[in-house]
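Biologist: I am new to reading protein models, and I would love a close look at the aromatic rings in this one. Could you walk me through that part and then show me how it sits in the whole chain?

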Amino acid sequence: MSQSTVVAPSLSTAQFEELYALIQNADSVELKLTVPEANQRAAVAELGLDPLEGQIRQVFFFDTPDLRLDAAGVVVRARRVQNKGDDSVVKLRPVIPTELPKSVRRSPDFGVEVDAMPGGFVCSGSMKNSPTVAVRDVVAGQRPLRKLFSKEQRAFYSEHAPKDVLLEELSVLGPIFVLKLRFKPAGSDRRMVAELWLYPDGSRILELSTKCAPAEAFQVAAETRAYLTERGVSLSGEQQTKTRTALEFFSSELAPSPG
């Protein structure tokens with residue numbers, strides 16, 4: 001399995017065959033593109049995006065200071081979403097869908113998704129939950145971290161996280177402020193999403209994406225590529241991952257000071 005996003009002009013034959021096999025057994029496909037920071041303002045203008053129509057989100061990750069969960073392919077995340085409520089997820093990536101236990105695949109709270117971007121892809125399995133306690137209270141230390149996660153999520157975590165990395169001992173990495181905007185390209189019935197992730201050091205990642213059923217992934221990819229190319233949005237820039245960027249930023253803040 002590919003262990004992370006592959007940055008390349010195009011997929012090799014072996015990568016394409018792997019991607020095709022993963023898609024056949026996934027629940028959904030999300031096509032993603034990150035826009036280089038120098039081109040973000042132009043892309044926003046060309047796509048006619050209005051930030052005042054966006055939804056504010058606050059994202060927290062949980063890991064050890066040296067990112068042992070990330071190294072094991074496990075992501076633990078919670079979000080506060082404007083006018084919607086809180087959610088949490090325990091994610092494993094990469095995964096091979098056919099190797100997942102049937103009990104996990106049957107869960108209504110579990111999904112397998114392939115994230116594909118120019119030159120790369122990764123398949124992940126996510127166990128989701130809408131917690132009954134507030135994320136804000138948990139990150140403030142007023143409620144235990146485990147309260148954000150369902151019994152299924154905690155079991156999924158225990159199965160895949162390093163055995164000596166206990167859920168309750170994880171550090172809070174965050175928050176990241178996110179502006180999410182849904183929009184519909186002119187002449188198309190397909191919705192797209194723009195997410196602007198704002199990092200504490202002033203850097204930002206603008207990601208454009210659209211979700212589709214596995215059976216239509218390649219057709220939607222071609223249509224989306226044509227739409228973005230026509231509007232001058234570059235597809236050749238180096239692709240950044242929002243989660244990895246956030247984890248590395250906050251991990252560096254938790255690192256002990258030298259001397």
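Modeller: Here is a look at the rings, followed by the chain around them and two loop residues.

This is a predicted model, in which local features need pLDDT of at least 70 and side-chain atom pairs count only at pLDDT 80 or more, while totals for chains, interfaces and linings use all residues. Residues are numbered from 1 along each chain as its sequence is written, and side-chain values use heavy atoms, with hydrogens and water left out.

Let's start with the rings. Rings of Phe, Tyr and Trp (its six-membered ring) pair if their centres lie within 6.5 Å; planes under 30 degrees apart count as stacked, over 60 as edge-to-face and the rest as tilted. By this rule there are 6 aromatic pairs. One of them joins F249 and F250 edge-to-face, with 5.0 Å from centre to centre and 85 degrees between the planes. Are these two residues, F249 and F250, buried or exposed? Both F249 and F250 are buried, where buried means under 20% relative accessible area, exposed over 50% and partly exposed in between (1.4 Å probe, protein chains only). Elsewhere, ring pairs tie F16, Y20 and F218 into a cluster.

Now step back to the chain that holds these rings. The protein chain has 8 helices and 9 strands; helices (H or I, at least four residues) and strands (E, at least two) are DSSP runs, numbered from the N terminus. Its radius of gyration is 18 Å, close to the 18 Å that the globule rule gives for 259 residues, so the chain is as compact as a globular protein of that length. That radius is taken over C-alpha atoms, and the globule rule is 2.2 Å times the number of residues to the power 0.38. Along its principal axes, the C-alpha trace spans about 50 × 40 × 40 Å. Buried residues make up 47% of the 259 residues.

For a contrast with the buried ring pair, visit two loops. E99 lies in the loop between strand 4 (85-92) and helix 4 (102-105), and E99 is exposed, with a relative accessible area of 62%. From E99 to Q153, 54 residues apart along the chain, the C-alpha atoms are separated by 18 Å. A215 sits in the loop between strand 9 (204-212) and helix 7 (217-230); at 83% relative accessibility, A215 also counts as exposed. A215 and D27 are 188 residues apart in sequence, yet 10 Å apart in space, C-alpha to C-alpha.
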